[in-house]
Amino acid sequence: MGKINLDEPFRVREAVAAGHSRRFLGSDAFVRLLPGVAVRASAPQDARTTAQAVLLVAGRDAFVSHHQAARLWGAVVPDCDVLHASVPGNRHRSRRPEVRVHRSSRTPVRFRGIPLTRAEDTFVDLAGHLSLVDLVVLGDSLVRRRRTRPEQLVTAAGTAPPRLRRRSVRAAGFVRTDVDSPMESRSRMLMVLAGLPEPAVDIRFHDGDGTLLRRLDMGYREHRLAIEYDGRQHAESQEQWESDVGRREEFDEADWRIVTLLATDVYRTPGATLDRVVRAMRSRGMQVAVTSDEWRRHFPGHASLI
């Protein structure tokens, strides 16, 4: 029996040539990743496994790029119908519908044993595939995972190919550090694209010794106004719920106003959400108004605005 590692993606034809039967390889013990590429079902089905499968199809000198590189870096990127890799210069590009292989001048690096585009190059490459908001979500998540820094993304965007430069430069300018979740990024961008003042993120409160006491997702410290995104996990944990109640009372005593957003506020009723945020801002003495309709292109639903 040949030395084919069935716990990592393999070409079925090579496994057959090594002595494994097609019947065995076609059983429930294996998962088909791509036409002609499989892996043992008990193996991890993660970004690294997908990347290995893509490289088998993309061929010699290929490296993971675009969506697959972003996932391997641990960043947040929308689902895509095809898998992506790149090859140097004028080398052959795959014509298979499941895998798109790009010609690229990028110099790959290695991460988790896989050749892939740098985090900054991945961000710029995806400017040709993602919306502005999704690109900011990607950038925030890359920074959160410590794969890059906002200023590095700004630099990379400034030297991007002309067709990618405008969107990548603009998105990089909105990337921030210490953003906890994609929905916090989306909530912030909803306000920014409506022309409202951008909130500061990761507002922290310390005692006299510098010990962290509390933090807020984002808001306006001067006006004691916070914008918080609550995911479903907050309602599913009794301990978290009790902590949130105590936390809310502390901020109430300190005269903070907290606007809490849920997924439906961002995805289904963004216009009504902007109404709420504007009312809260005005109640804290901020002279604001929605001055741009750009948010409508990026968020579904329409509601009356103040």
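Hi everyone. Accessible areas here come from the Shrake-Rupley method with a 1.4 Å probe. With that in hand, let's look at the chain on the screen, which is a predicted model. Its accessible surface comes to about 15,900 Å², and 47% of that belongs to carbon and sulfur atoms.

Now the overall picture. The chain has 306 residues, and 45% of them count as buried. If you draw a box around the C-alpha atoms along the principal axes, its sides are roughly 75 × 50 × 45 Å. Inside that box you can look for 14 helices and 12 strands. And how do the contacts run along the sequence? Take the contacts between residues at least 6 apart in sequence: 58% of these join residues at least 24 apart.

Next, charges. How many positive and how many negative side chains does the chain have? There are 49 positive and 39 negative ones, and the centres of the two sets lie 11 Å apart. Side chains of opposite charge can pair when their charged atoms come close. In this model, the count of salt bridges comes to 26.

Let me walk you through a few of them. We'll begin with Arg106 and Asp121, whose closest N and O atoms are 3.3 Å apart. Arg106 sits in the loop between β6 (99-104) and β7 (109-111), while Asp121 belongs to helix α5 (residues 119-125), so this salt bridge ties together parts that are 15 residues apart in sequence. Are the two partners buried or exposed? Asp121 is buried, because its relative accessible area is 8% and buried means under 20%. Arg106, at 22%, is partly exposed.

The next pair reaches across a longer stretch of sequence, so keep a finger on each end. Arg170 and Glu294 form a salt bridge at 2.6 Å, N to O. Arg170 is part of helix α8 (residues 162-174), and Glu294 lies in the loop between α13 (270-283) and α14 (295-298), so the pair ties together parts that are 124 residues apart in sequence. Arg170 is partly exposed, with 36% relative accessibility, whereas Glu294 is buried at 14%.

Stay on Glu294 for a moment, please. The side chain of Glu294 also meets that of Arg297 in a salt bridge, at 3.5 Å from N to O. Arg297 is exposed, with a relative accessible area of 64%. Elsewhere, salt bridges that share partners build one network out of Arg144, Asp178, Asp180, Asp202, Arg204, Arg215 and Asp217. Try clicking through those residues on your own screen.

To finish, a word on the backbone. Which phi value does Arg146 have? It is near 60°, a positive value in a residue other than glycine. You can find Arg146 in the loop between α6 (132-144) and α7 (150-158). Arg146 is exposed, because its relative accessible area is 75% and exposed means over 50%.

Arg224 also has a positive phi, of about 55°, although it is not a glycine. Its place is in the loop between β10 (212-220) and β11 (225-229). At 37% relative accessibility, Arg224 counts as partly exposed.

So, what would I like you to take home? Glu294 forms a salt bridge with Arg170 and another with Arg297, and the chain as a whole comes to 26 salt bridges. Thanks for listening!

Note on methods:
Residues are numbered from 1 along each chain as its sequence is written. This is a predicted model: local features need pLDDT of at least 70, side-chain atom pairs count only at pLDDT 80 or more; totals for chains, interfaces and linings use all residues. Side-chain values use heavy atoms; hydrogens and water are left out. Helices (H or I, at least four residues) and strands (E, at least two) are DSSP runs, numbered from the N terminus. Buried means under 20% relative accessible area, exposed over 50%, partly exposed in between (1.4 Å probe, protein chains only). Contact means heavy atoms within 4.5 Å. Lys and Arg count as positive and Asp and Glu as negative; His and the chain ends are not counted. The place of a charge is taken as NZ of Lys, CZ of Arg, CG of Asp or CD of Glu. A salt bridge is a side-chain nitrogen of Lys or Arg within 4 Å of a carboxyl oxygen of Asp or Glu.
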